[in-house]
Amino acid sequence: MKRFISLFLRFIPNYMRSVVGVLVFSLISTILSLFSFAMIVPILELLFGISSPLHEAPVYEAGHVFDYLKSVMFYYVTLYVEQNGQMQTLIALSVLFIFLTMLKVLTYYVSTLCMAFMQTGVVRDLRNSILDKVLDLPLGFFTEERKGDIMSRLSVDVLDVETSIMGSLEMLVKNPIAIVVYLVVLISVSWQLSLFALIMLPVVGFVMGKIGKNLKRESTEVGQEQGTLTSQLEEMLGGLRIIKAFNAEGRIGERFHKQTERLRNAILGVVRRQYLAHPMSEFMGSAIISMVVCYGGYLILRNDSPLDAATFIYFLLIFYSIINPIKELSRASYNIRKGLASLERIDKIMLAENPLTCPENPQVIQDFTDKIEYRNVSFKYADEWVLKNIDLTIEKGQTVAIVGASGSGKSTLVDLLPRFWDVQEGGIYIDGINVKDFERHNLRSFMGNVNQEAILFNDTVFNNIAFGVENATEADVIAAAKIANAHDFISAMPEGYYSNIGDRGCKLSGGQRQRISIARAILKNPPILILDEATSALDTESERLVQDALDGLMKNRTTIVIAHRLSTVVNADSICVLEGGRIVERGTHKDLIARGGVYKKLQDAQKIS
């Protein structure tokens, strides 16, 4: 329940006007409902001649509120009957009953609108907050979580919170108001009957509580199975080419079918309890009403009870009206238990701590003027050190290559610069200022990335190149594409720069995707450029075109190149060779070849002359 309360403390304050509207109009609607029911009493007694005319204005006696109000009503009804006759009085009372009912449904409608405004607003704010948190969390968080499970939390779990918790909010707000007001009226009508009914109601609560036991645990299991299913689906769609190439359709299908069966069984465990709640509450409510009817009939038949037949019918109407809010309140408790399981999964994202802290008074990079320094940097993801005592200086305008075998720490070394991760020991400095002292967005705005896998979006060529650059003009985008050797193939596309390139750029070849990525970096025009094996996945012709584009991009910039193919870094100002997380060699291509060390062995392995 703490999570339920925290959800509202986070979002409800933005909708206090709606909350007040719900409370006020729900109260008015409940009171009007009571008056509507109260009209039944004089109508019945007028029809059947039960009551005697009342010609004197009643006097209020303490503790007899209902009797006083009833007497006032009969007094004015008597006056109206004497002036206009019984039939016209009956018509007038019926019209008044219709009018009060109209006001009741109107106020109920307004309260429902206020509730809908609040519900949809809270769900929207929740979705936006989750996405903002996901965008703010470091890359390390997502290496520990399955992508499909995170997608499930963003979609399925948020939808479950919307339907289970927010959908029950109306019942939680309105029903307690109705229950309290109805109880006050019931006690004022007949405290004996009310006491008898109240003794019976805890029995209903006990039975319904037994049914709802363990619902949260079973709902958590549903969320986990749904996340696993989404992960399998995401993997399957991303790996269709390999699945078909290895004739693994049967194996993947069998795995997916087993998971859908596990999800079905988990859902059945939840709905079994949910579906049992309604018939049980219906049965218990009918049983209590039957017992109240028997006890009320016993009081009337004794002939010494102040309760008459018409008042007893009014009591039954109110009591029946209170049964429905109690049942809805019980159903809301089931839905909330189910929704809390989803909210708990969401909070694993929302409450996740971001280790990449921002200083209270961050430094601001105005311009990169001097150098980048790695000072005794060590880093580990878990227990083992990936980088050990790295000392590296990159002067402005230099091109520095990082080479080494797979797993030597090349990508990790570069990822520390834009603070995708934070170093555990030592520090990285730009113009003498530790990168931890900068605001992350300001720091990253001075850097451009071109990765081995060109990450593109299901959008137009124009929007992919202009991604992250505000107010980019068509002329700017075209100029960047020309430098990246991409203008010709873009112009040949059906809609040119406004052609959609499909999911992850699937409508383009590997070389074309990479040149779009390079054009994006050119348009950003960063002073520091990071190239992470940008040509390693390309064929010879595409590599030549991309390398030409990279040469244009690297002019007059400080560039860090991670290279697998050593032929692409022979002209670098400095080459650093990583082995086991340490820099074991450093120098130009000629110097390292002449030294005959690790770099020479890497070159020989690639048969570079």
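This passage describes salt bridges in a predicted model.

Seven salt bridges are counted in the structure. Three of the pairs that meet the criterion are E254 with K258, K371 with E373, and R375 with E373.

The pair within a helix comes first. E254 and K258 both belong to helix α11, which spans residues 249-301. Four residues separate E254 from K258, about one turn of the helix. Their side chains meet in a salt bridge, with an N to O distance of 3.5 Å. E254 has a relative accessibility of 45% and therefore counts as partly exposed. K258 is also partly exposed, because its relative accessible area is 48%. Both values fall short of the exposed class, which begins over 50%.

A network of salt bridges links K371, E373 and R375. E373 takes part in both of the contacts described here. In the K371 contact, the closest N and O atoms lie 3.9 Å apart. This value is within the 4 Å cut-off. In the R375 contact, the closest N and O atoms are 2.9 Å apart.

Accessibility varies across this network. E373 has a relative accessible area of 13% and is therefore buried, the limit being under 20%. K371, at 24% relative accessibility, counts as partly exposed. R375 is partly exposed as well, with a relative accessible area of 36%. The buried acid E373 is thus joined to partly exposed K371 and partly exposed R375 through the network.

Methods:
Residues are numbered from 1 along each chain as its sequence is written. This is a predicted model: local features need pLDDT of at least 70, side-chain atom pairs count only at pLDDT 80 or more; totals for chains, interfaces and linings use all residues. Side-chain values use heavy atoms; hydrogens and water are left out. Helices (H or I, at least four residues) and strands (E, at least two) are DSSP runs, numbered from the N terminus. Buried means under 20% relative accessible area, exposed over 50%, partly exposed in between (1.4 Å probe, protein chains only).
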